[in-house]
Amino acid sequence: MRGSGSRAFTAIVRGMFAAYAARIDADDPLSALELGDRPEPEVRPGWSVVTVKAATLNHHDLWSLRGVGLPAERLPMILGCDAAGVDEHGNEVVIHSVIGQSGHGVGPDEPRSILTERYQGTFAERVAVPTWNLLPKPAELSFAEAACLPTAWLTAYRMLFTKADVKPGNTILVQGAGGGVSTALVVLAKAAGLRVWITGRDEAKRARAVELGADAAFESGARLPERVDAVMETVGAATWSHSVKSLKPGGTIVISGATSGHNPPATELNRIFFLELKVVGSTMGTKEELAGLLALCANTGIRPVIDSTLPLTEARDAFARLAKGDVFGKLVLTP
């Protein structure tokens with residue numbers, strides 16, 4: 001626009017504040033994290049723009065900064081898979097973060113992916129997703145509680161109720177106390193009538209897991225009183241041998257992560273085939289499973305375990321805590 005005299009003025013269009021991966025650094029992922037303005041979401045046919053009220057961190061965000069699932073040519077990429085907010089029609093919604101699972105809102109050549117792998121994520125004031133990916137937020141849940149569910153809690157829900165082949169009265173072992181998935185596994189398993197044992201290196205986290213509902217907690221690698229029906233494995237290389245040796249004949253290991261590495265020193269193949277153990281992979285969950293999880297929380301009073309809530313402007317501190325393992329439950333960011 002032009003003011004008085006001959007001086008020309010250019011209107012400055014502000015973007016939206018976001019936490020994003022500006023580059024890839026496998027050795028120092030936090031150095032690749034930037035906070036600042038990013039462009040508003042690009043709206044596509046069949047997509048909706050959600051004003052984010054709460055979003056939560058996952059280890060997936062740290063892996064993205066290391067370049068796992070996020071090639072350099074897609075940078076800069078706003079991070080964050082989980083969110084709850086308000087759509088353009090004023091509806092309170094929860095975002096299912098698996099894009100392209102149903103084919104809705106994406107082209108025929110676009111593969112299934114998780115937010116932040118191909119599409120900008122939720123650590124921003126607004127995010128665009130296919131309208132199909134929106135579920136109604138139950139009134140019983142706060143935005144922060146609902147935002148905890150689509151990744152860690154959905155992963156735990158699928159591990160237990162779709163993949164583990166367990167029933168009330170069975171005993172499960174959860175490897176690693178304190179993380180978002182492990183705390184979800186404890187709460188959901190107890191609600192389902194399972195006996196829950198958990199391991200962990202940190203005595204305080206083991207004690208908190210018992211307060212949360214675990215029937216017993218053990219040091220990592222400890223010999224258990226008896227073998228279990230199923231093991232929930234998210235740690236990986238560091239706990240793999242212990243997981244295999246902890247199973248009853250015919251038991252099941254459900255794997256949904258490998259935060260300590262994906263190459264264990266021993267594969268334990270002889271034990272797996274001789275005892276006819278089942279090794280089952282599990283990734284995220286479906287929209288229908290997320291709807292079931294939302295209903296379960298709304299109807300039973302189960303609530304996600306929230307470590308703390310921070311403003312998005314303090315995202316760097318939240319990432320640092322997650323990287324150090326200094327959390328119990330979920331870290332929530334509010335734009």
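Start by selecting Phe273 in this predicted model. Its relative accessibility is 60%, so Phe273 counts as exposed, the cut-off for that being over 50%. The residue sits in helix α7, which covers residues 269–274. Now add Leu269 and Phe274 to your selection and switch on a surface: together with Phe273, these residues make a nonpolar surface patch of about 420 Å².

Next, go to Lys245. You will find Lys245 in helix α6, made of residues 240–245. Is Lys245 buried, exposed or something in between? Its relative accessible area is 43%, so Lys245 is described as partly exposed. To see what surrounds this side of the chain, show Arg227, Glu268 and Arg271: Lys245 touches these three once residues up to four places away in sequence are set aside.

For the next stop, draw a distance line from the C-alpha atom of Lys245 to the C-alpha atom of Phe328. The two residues are 83 residues apart along the chain, and your line should span 27 Å.

Stay at Phe328 and bring up Thr183, because the two are linked by contact and Thr183 is a buried residue. Its relative accessible area is 2%, under the 20% cut-off for buried. Thr183 belongs to helix α4, residues 180–191. Which residues is Thr183 in contact with, leaving aside neighbours within four places in sequence? Select Gly178, Leu212, Val305, Phe328 and Gly329 to see them.

Now move on to strand β3, residues 47–56. Why is β3 described as largely enclosed by the rest of the structure? Eight of its ten residues are buried, so there is good reason for that description. Colour β3 on its own, then bring in its partner strands one at a time:

- Strand β9 (residues 126–130) runs antiparallel to β3, and five bridges join them. Pick out Trp47 here: its bridge partner in β9 is Pro130.
- Strand β5 (residues 82–86) is also antiparallel to β3, again with five bridges. Look at Thr51, which stands opposite Val86 in β5.
- Strand β18 (residues 330–334) is joined to β3 by two bridges, and this pairing is antiparallel too. Zoom in on Ala55, whose bridge partner in β18 is Leu333.

To finish, show two of the stops together: Phe273, exposed at 60% relative accessibility, and Thr183, buried with a relative accessible area of 2%.

Conventions
Residues numbered from 1 in each chain as written. Predicted model: local features only at pLDDT ≥ 70, side-chain atom pairs only at ≥ 80, totals over all residues. Heavy atoms only, no water. Helix = DSSP H or I, 4+ residues; strand = E, 2+ residues; numbered from the N terminus. Buried < 20%, exposed > 50% of the residue type's maximum accessible area, 1.4 Å probe, protein only. Contact = heavy atoms within 4.5 Å. Patch = residues over 30% accessible without salt bridge, like charges linked within 9 Å, V, L, I, M, F, W, Y side chains within 5 Å. Areas by Shrake-Rupley, 256 points an atom, 1.4 Å probe, with all protein chains shown as cover. Salt bridge = Lys/Arg side-chain N within 4 Å of Asp/Glu carboxyl O. Pairing = 2+ DSSP bridges.
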